[in-house]
Amino acid sequence: MMVEYLQEYFATFDWVKACDIAGLVLGLLYLWLEYKAHIALWAVSVIMPIVHGYAYLERGLYADFGMEAYYVVAAIYGYAMWCRRKGSGKPALAINHARVATLAAMGAAVVVLWAALYWVLTTFTDSTVPVYDSFTTAASIVALWSLAQKHVEQWLLWLAVDAVCAVVYVYKQIPFTAALYGFYTLMAVAGYLKWRQEAKK
């Protein structure tokens, strides 16, 4: 079944398929760097949005496409946050737990962004998955900010985003990206456990 699907998938070439495969490679690299809390992850996060953005636009994932511009800006911000103490004599930003008030604010931000993006998608686009597209985009915006703060809890947001994305991308016929997000889902659990241990140190 899988072999037949892949043969059919590769029977013709288009740029969405090329971006799908390139995105898989970049995504795995990004995930490994994030898991290791390596600052180079921000460089990959500048390149990856270009690749994924094209595929998302072509498949009608408009909120995900819009997210890619945010990812570039967030990558610059994240890099600055992780470097901000260099040369100041202070220790580098450490992996930490978000405060309860911060977690509440993050949850509220996800809900508000989700509602706003859903309205935009249903009002101005022909999106066939507005509920899921708006949710994953809203949660990703907050999760990326939380990653820039090195919060352990950012992994839990990514866990929800990745699981939903994996299903949506199968539906939208972007199989390699779907597989990547399926793997992301598993790694989000591993990342959370690793970062929680690091926070204890």
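Is Lys-194 buried, partly exposed or exposed, and what is its relative accessible area? In this predicted model, Lys-194 has a relative accessible area of 24% and is therefore classed as partly exposed, since that class lies between the limits of 20% and 50%. The side chain of Lys-194 forms a salt bridge with that of Glu-198, at an N to O distance of 4.0 Å. Glu-198 is likewise assigned to the partly exposed class, because its relative accessibility is 29%. Both residues belong to helix H8, where a spacing of four residues places Lys-194 and Glu-198 about one helical turn apart. Side chains of opposite charge can pair when their charged atoms come close. One salt bridge is found when the whole structure is searched.

Helix H8 spans residues 175-200 and also contains Thr-177. With a relative accessible area of 1%, Thr-177 is buried, because the limit for that class is 20%. When neighbours within four places in sequence are set aside, the contacts of Thr-177 are Asp-20, His-52, Tyr-56 and Tyr-169.

The packing of helices H4 and H6 was examined next. Two packed helices are described by the angle between their axes and the distance between the axes. For H4, which comprises residues 62-83, and H6, the angle is about 5° and the axes are 9 Å apart. The two helices are therefore roughly parallel to each other, because the angle of about 5° falls under the limit of 35 degrees. On the H4 side, the residues that meet H6 include the aromatic residues Tyr-62, Tyr-70, Tyr-71, Tyr-77 and Trp-82. Met-67, Met-81, Ala-63, Ala-74, Gly-78 and Asp-64 also take part from H4. The residues supplied by H6 include Ile-141, Leu-144, Leu-147, Trp-145 and Ala-148, together with Asp-133, Thr-136, Thr-137 and Ser-140.

Helix H6 (130-148) also contributes to a nonpolar patch, to which this helix and helix H5 (100-124) each supply at least two residues. The patch lies on the surface, covers about 380 Å² and is made by Trp-114, Tyr-118, Val-131 and Tyr-132. Among these residues, Trp-114 is located in H5. Its relative accessibility of 32% places Trp-114 in the partly exposed class, and this value also meets the patch criterion because that criterion requires over 30%.

A further residue of H5 is Ala-101. Ala-101 is exposed, because its relative accessibility of 60% is over the 50% limit. Between Ala-101 and Leu-117, which stand 16 residues apart along the chain, the separation of the C-alpha atoms is 24 Å.

Backbone geometry was considered at two loop positions. Most residues other than glycine have a negative phi. Lys-150, although not a glycine, has a positive phi of about 60°. This residue lies in the loop that links H6 to helix H7 (154-171). Gln-173, also not a glycine, has a positive phi of about 60° and is placed in the loop between H7 and H8. The accessibility classes of the two residues are buried for Lys-150, at 11% relative accessibility, and exposed for Gln-173, with a relative accessible area of 53%.

Terms used: Residues numbered from 1 in each chain as written. Predicted model: local features only at pLDDT ≥ 70, side-chain atom pairs only at ≥ 80, totals over all residues. Heavy atoms only, no water. Patch = residues over 30% accessible without salt bridge, like charges linked within 9 Å, V, L, I, M, F, W, Y side chains within 5 Å. Areas by Shrake-Rupley, 256 points an atom, 1.4 Å probe, with all protein chains shown as cover. Buried < 20%, exposed > 50% of the residue type's maximum accessible area, 1.4 Å probe, protein only. Axes fitted to C-alpha atoms, helices over the stretch in contact; angles between N-to-C directions. Parallel < 35°, antiparallel > 145°, perpendicular 65-115°, else oblique. Contact = heavy atoms within 4.5 Å.
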